[in-house]
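Reader: I'm new to reading protein models and could use a hand. Could we go through this one together?

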Amino acid sequence: MEDRHSVNSPRRILSFSKRRRATVSFLDQDDRTYSGFGPKTSEVYGFVGSITTVVATGIFLVWAYVPERCLNAIGIYYYPSRYWALAVPAYAMVTLVLALVFYIGLNFMSTPSPTSLNKIRVHQRSFFILTGGR
């Protein structure tokens, strides 16, 4: 006996698709598998991400502003140069500004000039009517 769900012909595929109603779901993968008990995985990732951001910001501020003798007093002797505390944010800001300028310039380069004939679009039917059918 053949399994009811086995599909081996196009007609059977169509008959299965006619019997089933189409369903549209706007739920995330987390919402579909969420059983109602405990936190969703996206909530856990968000919480861990926010805690990690706060801890990393704290470590950065301690590294950037606490004097070297205080760090040595608590047993921290190896850390990156203080130059990078200013250089990395400055490089990031310059990179962001240059990326925006490049993006705007690329859009200006790809846009035709105001006097370009490439901007004129004529629909075939209206052209046919305006020329008298020739």
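Below, a few short questions get short answers.

Author: One thing before we start: this is a predicted model.

Reader: Okay, the big picture. How many helices and how many strands does the protein chain have?

Author: Going from the N terminus, the elements run α-α-α-α-α-α. Tallied up, the secondary structure of the protein chain is six helices and zero strands.

Reader: And what percentage of the residues is buried?

Author: The protein chain has 134 residues and an accessible surface of about 12,800 Å². Carbon and sulfur atoms own 66% of that surface. Among contacts between residues at least 6 apart in sequence, 3% join residues at least 24 apart. As for buried residues, their share is 6%.

Reader: Where does UniProt place the feature "transmembrane region"?

Author: That label comes from an unreviewed UniProt entry, and it covers two spans. In the model, residues 44-66 are 96% helix, with end C-alpha atoms 32 Å apart. The other span is 100% helix, and its end C-alpha atoms lie 30 Å apart. So, going by the record and its possibly inferred annotations, the places are residues 44-66 and 86-106.

Reader: There's a nonpolar patch on the surface. How much accessible area do its residues have together?

Author: The patch is formed by Val44, Tyr45, Phe47, Val48, Ile51, Val55 and Ile59. Take Val48 as one of them: Val48 sits in helix H3, which spans residues 41-65. Val48 counts as partly exposed because its relative accessibility is 44%, between the 20% and 50% cut-offs. Put together, the patch residues have an accessible area of about 710 Å².

Reader: What kind of aromatic pair do Tyr83 and Trp84 form?

Author: The structure holds two aromatic pairs, and Tyr83 with Trp84 is one of them. Tyr83 is partly exposed because its relative accessibility is 48%, and Trp84 is partly exposed too, at 40%. The ring centres are 5.0 Å apart with 75° between the planes. An angle over 60 degrees is what the label needs, so the pair is edge-to-face.

Reader: Now Glu68. Leaving aside neighbours within four places in sequence, which residues is Glu68 in contact with?

Author: Glu68 is in helix H4, residues 68-73. One partner is 11 residues along the chain, and its C-alpha atom is 9.9 Å from that of Glu68. Contact here is about heavy atoms within 4.5 Å, so a C-alpha separation can be larger than that. The partners are Tyr79 and Arg82.

Reader: Last one: is Lys119 buried or exposed, or in between? And what does Lys119 touch, not counting residues up to four places away?

Author: Look in the loop between helix H5 (83-110) and helix H6 (124-130) to find Lys119. Its relative accessible area is 48%, so Lys119 counts as partly exposed. The residues Lys119 touches are Pro112, Ser113 and Pro114.

Methods:
Residues numbered from 1 in each chain as written. Predicted model: local features only at pLDDT ≥ 70, side-chain atom pairs only at ≥ 80, totals over all residues. Heavy atoms only, no water. Helix = DSSP H or I, 4+ residues; strand = E, 2+ residues; numbered from the N terminus. Phe/Tyr/Trp six-rings, centres within 6.5 Å; stacked < 30°, edge-to-face > 60°. Buried < 20%, exposed > 50% of the residue type's maximum accessible area, 1.4 Å probe, protein only. Patch = residues over 30% accessible without salt bridge, like charges linked within 9 Å, V, L, I, M, F, W, Y side chains within 5 Å. Areas by Shrake-Rupley, 256 points an atom, 1.4 Å probe, with all protein chains shown as cover. Salt bridge = Lys/Arg side-chain N within 4 Å of Asp/Glu carboxyl O.
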